[in-house]
Amino acid sequence: MSCCSIRALWILNPQDAVVFSRFPVVERRWRLACEKEKESSAVEHHGYSAQPLLPTDAELASAFAERKKRQGSARGFGIRFSQSVQGSDSWVDDPITRHIITLDINGEEGDEFMLWPLVLHTKGSYHILVLPFVEPQQFKAYVTLCTRSDCGNSVGEECSLSSLLLNLPCITGAFVVAHTVGDIVAGDVQDPEVVVSSSPSVGGLLDSLTGSIGIPSISARAKPVAAPVAASTTSGASTAGNVVIDAPKSTSRPIDKEALRTFISSSMPFGTPLDLNVSNISAIKTNGFSSADLPPSDLKQPAWKPYLYKGKQRILFTIHELINAAMYDRDEMPDAISISGQLNCRAELEGLPDVSLPLTGLKSAHVEILSFHHCAQVSEHGEDKQALMFSPPLGNFVLMRYQALSNLDPPVKGFYQLSMVSEDEGAFLFRLRLMEGYKAPFSMEFCTVTMPFPRRRVASIDGNPSTGTVSTTEVSVEWKIIASGRGITGKSVEATFSGTVRFLPRTTQRVPSRSMSVSASVVEEDSDVEQDSSGNIVNIEEYLMEKMNKDLQAVDLEEPLCWQAYSYAKVSFKIFGGSLSGMSIDPKTVSIYPAVKAPVEFSMQQASSGDYILWNTLGRCPFAASPTVH
């Protein structure tokens with residue numbers, strides 16, 4: 001990210017008040033660039049020119065709140081409608097403007113200017129705004145684009161927004177900064193535990209495979225690592241039959257400004273992001289450096305490896321996959337299944353070696369998209385083979401991410417039906433088959449099916465499943481088919497569950513909503529956009545939902561897929577023993593330069609459910625038609 005510099009960073013709370021801001025010295029470069037462009041004012045007739053100033057916190061908060069009011073939500077519309085104003089984000093008519101936004105600043109001294117490009121990231125109840133450095137010519141190009149009457153999302157056009165952003169690598173860097181800061185603010189920094197072990201055992205090997213990316217423990221690191229800037233805790237296991245619900249994170253969690261300020265100054269010196277790894281920054285702050293950490297004089301030490309490893313050498317690989325599925329059980333709608341995976345690595349190697357790794361079988365694994373850690377270089381490209389070389393950082397890291405299609409049948413197949421027999425009572429039926437066609441070493445650790453009812457309150461449920469236990473909350477029914485600790489290996493399971501769910505009468509229930517109600521808006525039937533009684537545009541998600549389904553109720557934005565109170569069931573599971581895509585690594589093909597004797601291990605493949613949805617076959621459901629390939 002050496003080509004990325006950050007001018008400013010703001011964090012706004014739910015009341016749109018700035019709770020933290022930072023202005024790096026990059027602003028001096030911006031002022032100098034603006035002075036050089038002062039003579040050429042090609043876009044001043046549009047009302048904006050590149051201004052060598054930043055807004056105060058109050059000015060930015062006011063502009064952000066005004067944009068939310070005008071656009072209906074923090075992200076805005078991303079599409080043009082009848083009330084779009086020339087120069088606004090919605091006027092550009094491109095969905096990317098929901099993530100890269102513009103703010104019109106009205107200064108306290110009468111100055112009016114535009115801030116662009118502002119990368120917007122929402123984490124918890126906070127909005128993070130990052131303003132990267134762009135050249136004044138690029139700013140002017142955007143101003144010219146957003147005031148054209150024919151601008152739009154014409155991908156590939158020379159003067160389109162997409163072509164402009166493709167020439168701005170700082171946008172990618174700003175997104176990484178925003179997401180990292182968001183994780184710190186929300187307490188979602190998943191730093192692994194550190195267990196110092198002088199003599200690694202089998203347990204240590206397995207532990208070392210499970211850190212960094214969502215799994216509890218990790219083996220020894222070369223240097224002791226300080227506690228992360230912010231750490232989150234998750235709920236522990238509970239007894240079988242109880243509903244396990246992660247408590248929502250507090251929306252009023254205070255920001256540790258001093259810790260955040262330290263992280264920013266260390267990871268982005270002079271406004272240039274170098275290393276955004278919270279573990280590294282924390283370790284450097286705690287331990288500092290010594291003469292023992294200096295690399296050989298002929299080698300350059302990368303920022304992502306602040307310390308050199310000392311100890312027994314080895315390389316560990318593991319694959320984690322996330323399965324997303326939409327199961328319809330309808331002839332006219334084929335089921336849709338996709339896999340998002342990542343190859344995790346831990347390289348305990350002395351010095352600064354290079355590791356080369358060939359990836360083969362990509363075509364048979366139906367791998368569609370590949371992205372790599374910034375320490376890696378892809379030296380060979382091909383449809384079925386790619387070779388990469390990387391200089392590994394310390395600890396666990398994600399070497400590669402990919403998207404693929406499944407080579408195996410869905411791990412959970414079947415259907416879900418629910419029919420409302422009265423206003424407050426619904427009859428449902430599940431017929432499911434688990435792990436059909438899967439043989440050892442594949443094993444399913446647990447499997448749970450949840451029926452959410454976010455707009456109703458569950459009063460009771462009648463029915464006995466063929467296997468497992470059932471429990472309820474106020475707004476859901478949970479069926480634990482396979483409880484944790486009672487996994488199945490090398491066999492399939494058939495599970496059925498029929499019964500009746502009863503709800504409290506609508507007149508006695510009140511489900512709070514964080515969004516404005518569409519039903520409260522009063523508009524003409526042929527209006528292109530809906531407004532509330534105060535004239536503000538309603539939230540874009542609700543607006544689009546209402547336009548698509550005028551006869552269906554509006555719903556909470558927490559459950560965007562739940563069009564009515566009984567549309568789907570969600571399946572949660574975890575599978576060990578292999579990857580569903582077929583992605584694999586051959587340890588014998590991994591080579592290290594300079595050559596050292598270090599064993600290479602590849603194990604602990606696991607797959608978890610993402611959005612694994614069983615749509616109600618008796619109800620309405622969304623469906624995207626796949627393009628026909630000729």
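Colleague: Is Phe-270 buried or exposed?

Modeller: Phe-270 is exposed, at 67% relative accessible area. Keep in mind that this is a predicted model.

Colleague: Where is Phe-270 in the chain?

Modeller: Phe-270 sits in the loop between H8 and H9.

Colleague: And what is its phi?

Modeller: Phi of Phe-270 is near 55 degrees, which is a positive value in a residue other than glycine.

Colleague: Where does Asp-329 lie, and what is its phi?

Modeller: Asp-329 lies in the loop between S6 and S7. Asp-329 is not a glycine either, and its phi is positive, about 55 degrees.

Colleague: How accessible is Asp-329?

Modeller: Asp-329 has 45% relative accessibility and counts as partly exposed. The cut-off for exposed is over 50%, so Asp-329 at 45% does not reach it.

Colleague: Back to H9. Which of its residues are buried?

Modeller: H9 covers residues 278-287, and its buried residues are Val-278, Ser-279, Asn-280, Ile-281, Ser-282 and Ala-283.

Colleague: What do they pack against?

Modeller: The buried residues of H9 pack against two helices, H6 (170-186) and H8 (257-267).

Colleague: What comes just after H9?

Modeller: Gly-288 comes just after H9, with a positive phi of about 65 degrees.

Colleague: Now S6. How many of its residues are buried?

Modeller: S6 runs over residues 314-327, and twelve of its 14 residues are buried, so the strand is largely enclosed by the rest of the structure.

Colleague: How does S6 pair with S7?

Modeller: S6 pairs with S7 (residues 336-348) in the antiparallel sense, over 13 bridges. One of the residues involved is Arg-314, whose bridge partner in S7 is Glu-348.

Colleague: In what sense does S6 pair with S24, and over how many bridges?

Modeller: S6 and S24 (residues 606-615) pair in the parallel sense over seven bridges. His-320 has Gln-606 as its bridge partner in S24.

Colleague: And S23, parallel or antiparallel to S6?

Modeller: The pairing of S6 with S23 (residues 600-602) is parallel, with three bridges. Leu-316 stands opposite Glu-601 in S23.

Colleague: What about the peptide bond from Tyr-593 to Pro-594, cis or trans?

Modeller: The peptide bond from Tyr-593 to Pro-594 is cis, and omega is near -5 degrees. Pro-594 belongs to the loop between S22 (591-593) and S23.

Colleague: Same question for Ala-440 to Pro-441, cis or trans?

Modeller: The bond from Ala-440 to Pro-441 is cis, with omega near 15 degrees. Pro-441 is in the loop between S14 and S15 (443-452).

Colleague: S14 is in a sheet. What is the strand order there?

Modeller: The order is S13-S14-S20-S16, four strands in an open sheet with antiparallel pairing.

Colleague: Which strands stand at the edges?

Modeller: S13 (412-422) and S16 (458-462) stand at the edges. Each has a single partner strand, so one side of each is left without a neighbour in the sheet.

Colleague: By how many degrees are neighbouring strands turned against each other?

Modeller: On average, neighbouring strands of this sheet are turned by 20 degrees against each other, ignoring direction.

Colleague: How many bridges join S13 to S14?

Modeller: Ten bridges join S13 to S14 (residues 425-434), and the two strands run antiparallel.

Colleague: Which residue in S14 is opposite Gly-414?

Modeller: Leu-432 in S14 is opposite Gly-414.

Conventions:
Residues numbered from 1 in each chain as written. Predicted model: local features only at pLDDT ≥ 70, side-chain atom pairs only at ≥ 80, totals over all residues. Heavy atoms only, no water. Buried < 20%, exposed > 50% of the residue type's maximum accessible area, 1.4 Å probe, protein only. Pairing = 2+ DSSP bridges. Axes fitted to C-alpha atoms, helices over the stretch in contact; angles between N-to-C directions. Contact = heavy atoms within 4.5 Å.
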